[in-house]
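I opened my notebook to look at how rings and charges are placed in this protein, and I write down each thing in the order I looked it up.

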Amino acid sequence: FPSHDIMVSDQQIHVWGPLTLEIWEDDGSNPFSRIPSGVFKYGAIAPRSVIETDSGYMWLDTKRRFVELQGRSLQVISGAYDKEIQEFSDVSDCVGHRIEFAGQDFLIWEMPTANRTYVYNYKLKQWSRWGYWNQDSIRHDRWIGTSVIYCPAWGIYLVGSRLGGKIYQMSADIYDDDGQIIRLLRETGHIDRGTANWKRSSRIMIRAKRGSVDIGREPVLMIQWQDDNKRWSKEHELSLGNIGELELTLSRRRLGIYRQRKWRVSVTDPVPVVFGRAEEEFDVLLK
């Protein structure tokens, strides 16, 4: 069959086609032959999405799911974003990168046509999205990077920008994109507390940890909510405190009533922030 991508691991050739993955090896007589049970019905819809990991490979398969092969075991790992990816018009231009940075192992997939960048933290087994905050359209576009290379002599990653052809160095100590705002965002799914009754929200508490970067004022965390699939509320600011106040519990009271609600927290100030546990105090009403 026509191959999409070919990679070699443990002296075996892995060949991805549009419908299947086949594994071949030198059998001692023919140049190469397919190994027994060496066919998987998980081809690569995007030829350049294949990423080699320490124990196998990950890629975007024919059904638009991210899958992982470890030895002869293959499993789907992208449940959090499957529905979103399956609705895109084209994902065949998906490109994968691997970055081991700041003590973490990131597998990154860019989708130029879909304008999305998905990231899998291989150590923590967690998904997220990276994005470039477009202040003109007020939205997250895909990550600013379009190519990545590690320079062993310098011990740094260089990132080629898709905007203007610049080359950047990745850093854990810079909190903007070449002077442009980075908008850190976390959003929940729909929360109904197990009942369709109205809920009265009396208080939300969020544990957060900020770094010691001084921006000349108190940075803020912004909170919003969306009730019953209606419009998002306006942003409400919660102070992240002064230098030295590293461990904080932020809270806001009297947050209205809802049947189901989504929460959103964001930070645009150029400071390091870690979100901890969030808790809501609420009452379930009779009707």
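I began with a charge and a ring, keeping in mind that this is a predicted model: the charged end of R183 sits over the ring of W133, at 4.6 Å from the ring centre. I then found R261 lying over the face of W263, where the distance to the ring centre is 5.0 Å.

Next I turned to rings that pair with one another, and I counted 13 aromatic pairs. One of them is formed by Y81 and Y118, which I noted as tilted, with 4.8 Å from centre to centre and 55° between the planes. This pair links distant parts of the chain, since Y81 is in the loop between strand 8 and helix 1 while Y118 is in strand 11, 37 residues apart. I checked whether they were covered, and both Y81 and Y118 are buried.

How are the rings of Y81 and W127 placed to each other? Their centres are 6.2 Å apart and their planes stand at 80°, which is over 60, so I wrote the pair down as edge-to-face. W127 is in strand 12, 46 residues from Y81, and both Y81 and W127 are buried. Following the ring pairs further, I found that they link F66, Y81, W109, Y118, Y120, Y122 and W127 into a cluster.

Lastly I looked at the whole protein, which has one helix and 27 strands, and in which 43% of the 287 residues are buried. I also noted 39 positive and 39 negative side chains, with the centres of the two sets 9 Å apart.

Technical notes:
Residues are numbered from 1 along each chain as its sequence is written. This is a predicted model: local features need pLDDT of at least 70, side-chain atom pairs count only at pLDDT 80 or more; totals for chains, interfaces and linings use all residues. Side-chain values use heavy atoms; hydrogens and water are left out. Helices (H or I, at least four residues) and strands (E, at least two) are DSSP runs, numbered from the N terminus. Buried means under 20% relative accessible area, exposed over 50%, partly exposed in between (1.4 Å probe, protein chains only). Lys and Arg count as positive and Asp and Glu as negative; His and the chain ends are not counted. The place of a charge is taken as NZ of Lys, CZ of Arg, CG of Asp or CD of Glu. Rings of Phe, Tyr and Trp (its six-membered ring) pair if their centres lie within 6.5 Å; planes under 30 degrees apart count as stacked, over 60 as edge-to-face and the rest as tilted. A charge sits over a ring if NZ of Lys or CZ of Arg is within 6 Å of the ring centre and within 35 degrees of the ring normal.
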